[in-house]
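Subject: Structure for you to look at

Hello,

Here is the structure I said I would pass on. Please open it first, and then read the notes underneath.

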Amino acid sequence: MLKLQFKDQRQPPFWVVDKLYSIGSSEDNHLVLKDEGIAPLQARLIATSEKIFLKDNNSDTGCFVNGQRITQREILPGDQLRLGPVELEVLEPNDDTLPGRSGADPWRLVASGSWLSGQSYTIPEEGTAIIGRSSQCDIVIPGTHLSRRHVELRVQGGSLHVKDLGSVNGTYLNDRPVTEGLAHGGDQLRLDVYTFRVVSPTGDRERTRLRATTTVNQRPTPKPKPKKITDLPPRRWKTRPTSPGNRQEPTYKERRQEIWLWLVVLAAVLLLVGAFFWV
């Protein structure tokens, strides 16, 4: 359930209570916008579990969340929306009563991802709430990645005080490791592999939250190729001295000289032998 407000204050804030909420210039939409540049069906708000998405209907003027054109994206309290020329902001319940209920919502953690997805955990307005896998904790999550007493949460004014209790795998606020910190509506709290969205009872629209931006059809950045090593000297293969490839065959001239040398030696030997017998 969302509360939207026109930035030009053309009408009071209004609630979006339907799971499929259409916006456009046609009279059959839930929200009719007669501004120039608004398509008959500009966009839809789609509610699934604990999340609400803004989906553009291939409009010419587009849909924007926090200044970034989107095709479909989850919207959170504090987000700035623009549908063509019309600007709206997403509010969170404050002291006004919710439609069909009495009183305002308490602080909550809504799980996203893993086997906890969609589960909601209420944080009391007074005292503390300890999360861990021990049965003695206020919020018990029997996951092996959690410490027995992982984190302590306490409502502090318009914020949620987060204190890590010396956990092994750490506590992260908007993907930054924290020992102690303040969380606000729309922030992301992660306890190792378990991720939660912080839902506050009061709006915190003046603060810019850290939030990962996504682009439709964005390709992952390719990893740089390793550099080729060209400075190494050429490899020299070692061979045995008796290898035929290492033998140096004598030339024709060298063979001829060798034959004449043997002939001279043989003639000298014969002369010596003949002289010996003659004597």
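Which residues does Arg 108 touch, not counting residues up to four places away in sequence? They are Glu 50, Ser 120, Tyr 121, Thr 122, Arg 197, Val 198 and Val 199. Before going further, keep in mind that this is a predicted model.

Arg 108 and its surroundings

Arg 108 belongs to strand β12, which covers residues 107-112. Its relative accessibility is 16%, and since buried means under 20%, Arg 108 counts as buried. One of its contacts, Thr 122, lies 14 residues away in sequence, and the two C-alpha atoms are 4.5 Å apart.

The chain as a whole

How many helices and strands does the chain have? There is 1 helix, and there are 22 strands. The chain has 279 residues, of which 37% count as buried. About 18800 Å² of the chain is exposed, and carbon and sulfur atoms supply 53% of that area. Among the contacts with a separation of 6 or more, 38% are between residues 24 or more positions apart.

Aromatic pairs

The count comes to 2 aromatic pairs. One of them is Tyr 121 with Phe 196, an edge-to-face pair with 6.1 Å from centre to centre and 75 degrees between the planes. This pair links distant parts of the chain: Tyr 121 is in strand β13 (residues 120-123) and Phe 196 is in strand β22 (residues 194-199), 75 residues apart. Are these two rings on buried or exposed residues? Tyr 121 has a relative accessibility of 14% and counts as buried. Phe 196, at 1%, counts as buried too.

Phe 276 and Phe 277 also form a pair. Their ring centres are 5.7 Å apart and their planes are at 80 degrees, so this pair is edge-to-face. Here the accessibility is another matter: Phe 276 is exposed, with a relative accessible area of 64%, and Phe 277 is exposed at 67%.

A nonpolar patch

Phe 276 and Phe 277 are also part of a nonpolar patch on the surface, together with Leu 261, Val 265, Val 269 and Val 273. The accessible area of the patch is about 630 Å². Val 273 is in helix α1, which runs over residues 252-278. With 40% relative accessibility, Val 273 counts as partly exposed.

Salt bridges

Side chains of opposite charge can pair when their charged atoms come close. The count of salt bridges comes to 5. Asp 8, Arg 10 and Asp 35 are linked in a network of them. Within this network, Asp 8 and Arg 10 have their closest N and O atoms 3.0 Å apart. Arg 10 also meets Asp 35, with 3.0 Å from N to O. The pair of Arg 10 and Asp 35 links distant parts of the chain, 25 residues apart: Arg 10 is in the loop between β1 and β2, and Asp 35 is in the loop between β4 (31-32) and β5 (43-48).

How accessible are the members of this network? Asp 8 is partly exposed at 47%. Arg 10 is partly exposed at 39%, and Asp 35 is partly exposed at 23%.

Another salt bridge joins Arg 190 and Asp 175, whose closest N and O atoms are 3.6 Å apart. Arg 190 is in strand β21 (residues 188-191), while Asp 175 is in the loop between β18 (171-173) and β19 (176-177), 15 residues away. Arg 190 has a relative accessible area of 22% and is partly exposed. Asp 175, at 48%, is also partly exposed.

Charges over rings

Arg 190 appears again here. Its charged end sits over the ring of Tyr 172, 4.1 Å from the ring centre. In a similar arrangement, the charged end of Arg 82 sits over the ring of Phe 64, 3.9 Å from its centre.

Lys 7

Lys 7 and Arg 82 are 75 residues apart along the chain, and their C-alpha atoms are separated by 9.8 Å. Where is Lys 7 placed? Lys 7 is in the loop between β1 (2-6) and β2 (14-16). Its relative accessible area is 43%, which makes Lys 7 partly exposed. Leaving aside neighbours within four places in sequence, Lys 7 is in contact with Gln 80, Glu 87, Leu 88 and Glu 89.

Regards

Definitions and conventions. Residues are numbered from 1 along each chain as its sequence is written. This is a predicted model: local features need pLDDT of at least 70, side-chain atom pairs count only at pLDDT 80 or more; totals for chains, interfaces and linings use all residues. Side-chain values use heavy atoms; hydrogens and water are left out. Patches are made of residues with over 30% relative accessible area and no salt bridge: like charges are joined within 9 Å, nonpolar side chains (Val, Leu, Ile, Met, Phe, Trp, Tyr) within 5 Å. Accessible areas come from the Shrake-Rupley method with a 1.4 Å probe; for residues, only the protein chains shown count as cover. A salt bridge is a side-chain nitrogen of Lys or Arg within 4 Å of a carboxyl oxygen of Asp or Glu. Helices (H or I, at least four residues) and strands (E, at least two) are DSSP runs, numbered from the N terminus. Buried means under 20% relative accessible area, exposed over 50%, partly exposed in between (1.4 Å probe, protein chains only). Rings of Phe, Tyr and Trp (its six-membered ring) pair if their centres lie within 6.5 Å; planes under 30 degrees apart count as stacked, over 60 as edge-to-face and the rest as tilted. A charge sits over a ring if NZ of Lys or CZ of Arg is within 6 Å of the ring centre and within 35 degrees of the ring normal. Contact means heavy atoms within 4.5 Å.
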